[in-house]
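Biologist: Hello! I am new to this structure and would love a friendly tour. Could we look at it together?

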Number of protein chains: 2
Amino acid sequence: MPKRKKSRDQHPQPAFLFDLDGTLIDSVYQHILAWREALRALDIELSNWFIHRRIGMSDSLMLNACMRESGRRLDKKQMEKLQAMHTKAYMRHVGEVQALPGAKALLKQLTTLGVPWAIGTTSLRERAQKSLDMLGIGEEVPVITGDDVEQAKPEPDLFFAAAKKLKMDLEHCVVVGDSVWDLLAAQRAHALGIGLLAGGYGEDELVRAGAYRVYRDPEDLLEHLDEIGVKVEEEH
Amino acid sequence: MPKRKKSRDQHPQPAFLFDLDGTLIDSVYQHILAWREALRALDIELSNWFIHRRIGMSDSLMLNACMRESGRRLDKKQMEKLQAMHTKAYMRHVGEVQALPGAKALLKQLTTLGVPWAIGTTSLRERAQKSLDMLGIGEEVPVITGDDVEQAKPEPDLFFAAAKKLKMDLEHCVVVGDSVWDLLAAQRAHALGIGLLAGGYGEDELVRAGAYRVYRDPEDLLEHLDEIGVKVEEEH
């Protein structure tokens with residue numbers, strides 16, 4: 001053990017910054033239909049795939065895209081109403097939502113290995129809390145939500161704030177996400193981006209957005225931690 | 001008009017064979033959650049993205065994939081129960097489902113241009129009928145469903161049967177679908193495959209599966225019919 005500790009001090013392990021929805025929690029599809037329901041309540045008809053590909057952006061950027069696509073203008077009050085309706089619709093389906101395979105095991109393994117990790121999610125705290133509870137993530141883990149920063153993804157602010165809490169440089173961190181917005185944020189901050197298929201993007205989309213590697217889900221990532229420079233086994 | 005008619009006789013227009021869910025109807029995301037609900041009722045936990053990428057296969061191939069992935073064996077009776085629960089869960093959400101943008105206009109335009117078209121869907125008739133009603137598709141249109149053939153997609157049997165009803169060779173047809181299973185079926189039958197993003201696959205996935213062109217949705221396809229050899233305007 002002492003030998004291993006010393007080796008790790010010489011070559012510090014990278015820290016991991018995780019997105020939440022679609023990366024650790026299987027909630028993207030429920031979010032899509034919740035946004036769809038909220039948009040329809042304001043007579044904005046957009047296709048599910050269009051919403052899907054914009055999940056994970058900040059709410060305001062996403063709603064801008066929806067306004068551009070539909071040709072509708074919304075004022076600040078209507079946008080707040082939309083966000084509230086989305087949260088309400090999502091909360092109605094949150095009982096169906098579960099952690100993705102391997103999510104808890106992956107976080108536990110990182111902790112065991114002494115690899116720092118944190119969460120950076122565009123979601124507002126109210127929506128994110130239920131997911132954090134599912135993963136058993138308590139006060140001891142740095143969690144940055146959309147409420148905490150001026151600009152959410154694809155701005156890298158969320159991940160900058162998360163890295164800061166871990167006292168790490170973001171450019172020495174690994175950003176794990178399921179959407180191209182996570183990977184764009186990673187690229188802009190010179191962090192290593194890892195993509196997961198669990199949010200429903202195709203592998204090529206994630207690679208083209210800058211993913212160094214793409215895994216199916218947290219379980220698959222856990223089985224390949226050594227491919228991203230985490231020293232998993234004792235040295236011989 | 002007579003001149004145009006003659007020209008068309010010399011160079012017959014291709015016929016169009018359409019998939020239904022995710023291609024003309026925005027129903028893939030509701031189908032995903034309906035399968036998820038049905039699988040969970042049998043204590044089979046699979047991620048939504050995994051189900052998403054297998055929608056559009058025949059039910060039996062899809063359920064084989066689910067069994068392989070989950071390590072569970074299901075007997076014939078359980079598989080039938082699963083299918084029935086999926087239909088029931090989907091029917092509960094069918095009120096939210098709508099035609100994709102441009103779907104009705106595209107079909108109308110093909111009819112106006114004298115281009116034959118038909119529907120080939122893996123869905124069983126019971127589930128498909130609601131979608132056909134939404135599109136205003138009546139008895140006059142050849143519709144081949146999963147009930148009508150021995151083997152559904154990615155076997156090309158559905159499209160073979162649809163082309164036969166139009167009295168066309170399948171290899172002179174254009175197959176339009178949102179999933180790689182449509183495009184695999186098209187390739188196997190030497191038909192021209194066109195992909196639509198409307199089912200939530202990424203563009204590269206569809207191109208790699210053989211799509212000659214990928215459009216966003218039926219509306220986008222309608223605006224680019226001349227790219228696939230349909231004579232849209234009068235000759236000068």
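Biologist: How many residues of chain A are in contact with chain B, and with how many residues there?
Modeller: Happy to help, and please keep in mind that this is a predicted model. Counting contacts between the two chains, 30 residues of chain A touch 31 residues of chain B.

Biologist: Which three residues supply the most of the area that chain A buries against chain B?
Modeller: The area buried between chain A and chain B is about 2500 Å², with 45% of it from carbon and sulfur atoms. Of the area that chain A buries against chain B, 28% is supplied by Tyr29(A), Trp49(A) and Arg216(A).

Biologist: Which element gives the most residues to the side of chain A that touches chain B?
Modeller: Between the chains, 16 residue pairs are in polar contact. Helices H2, H3 and H10 of chain A each give two or more residues to the side that touches chain B. The one that gives the most, with 6 residues, is H2(A).

Biologist: How many salt bridges cross the interface of chain A and chain B?
Modeller: One salt bridge joins the side chains of Asp204(A) and Arg208(B), at 2.5 Å from N to O. Across the interface of chain A and chain B, the number found is 6.

Biologist: Why does Asp21(B) have no salt bridge?
Modeller: Asp21(B) sits in the loop between strand S1 and helix H2 of chain B, and this residue is buried. A salt bridge needs the charged atoms within 4 Å. Asp21(B) has none because the nearest side chain of opposite charge, Arg127(B), is away by 6.1 Å.

Biologist: Which side chain does the side chain of Asp21(B) make a polar contact with?
Modeller: The contacts of Asp21(B) beyond its neighbours in sequence include His31(B), Tyr90(B), Ser123(B) and Asp178(B). At 3.4 Å, the side chain in polar contact with that of Asp21(B) is Ser123(B).

Methods:
Residues are numbered from 1 along each chain as its sequence is written. Chains are lettered from A and ligands numbered from 1 in the order in which they are written. This is a predicted model: local features need pLDDT of at least 70, side-chain atom pairs count only at pLDDT 80 or more; totals for chains, interfaces and linings use all residues. Side-chain values use heavy atoms; hydrogens and water are left out. Helices (H or I, at least four residues) and strands (E, at least two) are DSSP runs, numbered from the N terminus. Buried means under 20% relative accessible area, exposed over 50%, partly exposed in between (1.4 Å probe, protein chains only). Lys and Arg count as positive and Asp and Glu as negative; His and the chain ends are not counted. A polar contact is a pair of N or O atoms within 3.5 Å; within protein, one must be able to donate a hydrogen and the other to accept it, and residues adjacent in sequence count only if both atoms are side-chain atoms. Contact means heavy atoms within 4.5 Å. Buried area is the accessible area (1.4 Å probe) that two parts lose on being put together, summed over both. Lists of a residue's contacts leave out its neighbours within four places in sequence.
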